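Dear colleague,

Please find the structure below, followed by a short account of its interior and its main pocket.

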Amino acid sequence: MVRKKVVLRREEILDATVEQIKQRGIATTRITDVASALGVSSGLIYYHFETKEQLIEATFAHAVRLELDGARAVLSRPAPPLTRMKALLRLYSPTAKAAEGWRLWIDGYSAGLRDRGLRTVMEKMDEEWKRIFSSLIEEGMARGEFHCADARAATWRITLFLDGLAVQMIARRGVLKKEEAAAWMREHAAAELGIDVESLGSRR
């Protein structure tokens, strides 16, 4: 029972840290901010995590697990590849996610340039996302729903486009209308998959 309570508290700390990073960014998020958000002492945070670096790495690993669990759930649905692809694009696309969520990942990649542990976490997330996309594209090709020569190359081009779109939408908020970016996303993905853009949803 005691161990279960410790695990639950750790999850609460990680969830609270995710929210603090979304609001403040990694650089300005402090242990005291997380403790204050939870209504506990900083000592309780240090009981689980000896340093802020450990907390940040654990927080991103936690956030990555939750996101990838959602992506894997989409991949395993008993639905046609096109239906699942639309769901995956909604999960990944910066036009569908809350801006705060994309800000978290962009901040993580930036901080990973200086933190090897965090960089490893972010690289594993990127690799798994690409594996999920590639697996679904290969399935769609085998079923005759998608028409592209190379699932891996299509995956890279789709995700690179969406990553770049996310940076622009977060770093230069307001420079693109959400509807315009969503239309470009559908056009780009449809071209890579060799399908009609209308099959990925409305242009509006």
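Which residues have the most contacts inside the largest nonpolar core? They are Phe60, Met85, Leu88, Leu89, Trp105, Trp129 and Ile137, in a core of 44 residues. A nonpolar core is a set of buried Ala, Val, Leu, Ile, Met, Phe, Trp, Tyr and Cys residues joined through side-chain atoms within 4.5 Å, where buried means under 20% relative accessible area with a 1.4 Å probe, protein chains only.

This is a predicted model, in which local features need pLDDT of at least 70 and side-chain atom pairs pLDDT 80 or more, while totals for chains, interfaces and linings use all residues. Residues are numbered from 1 along each chain as its sequence is written, and side-chain values use heavy atoms, without hydrogens and water.

Helix H7 (116–142) gives the most to the largest core, 9 residues. Helices here are DSSP runs (H or I, at least four residues), numbered from the N terminus. Leaving aside neighbours within four places in sequence, Met85 is in contact (heavy atoms within 4.5 Å) with Phe133, Leu136, Ile137, Phe146 and Leu193.

The largest pocket (an open set of points on a 1 Å grid over the protein atoms alone where a 1.4 Å probe fits, with protein on both sides within 12 Å along at least five of seven lines) holds about 340 Å³ of space. Its lining (residues with an atom within 4 Å of a point) comprises 20 residues, with Trp102, Trp105, Tyr109, Asp126 and Asp163 nearest the centre. H7 supplies the largest share of that lining, 7 residues.

With kind regards

How values were computed. Grid points are joined across faces, edges and corners, and a volume is the space filled by probe spheres set on the points. Helices (H or I, at least four residues) and strands (E, at least two) are DSSP runs, numbered from the N terminus. Buried means under 20% relative accessible area, exposed over 50%, partly exposed in between (1.4 Å probe, protein chains only).
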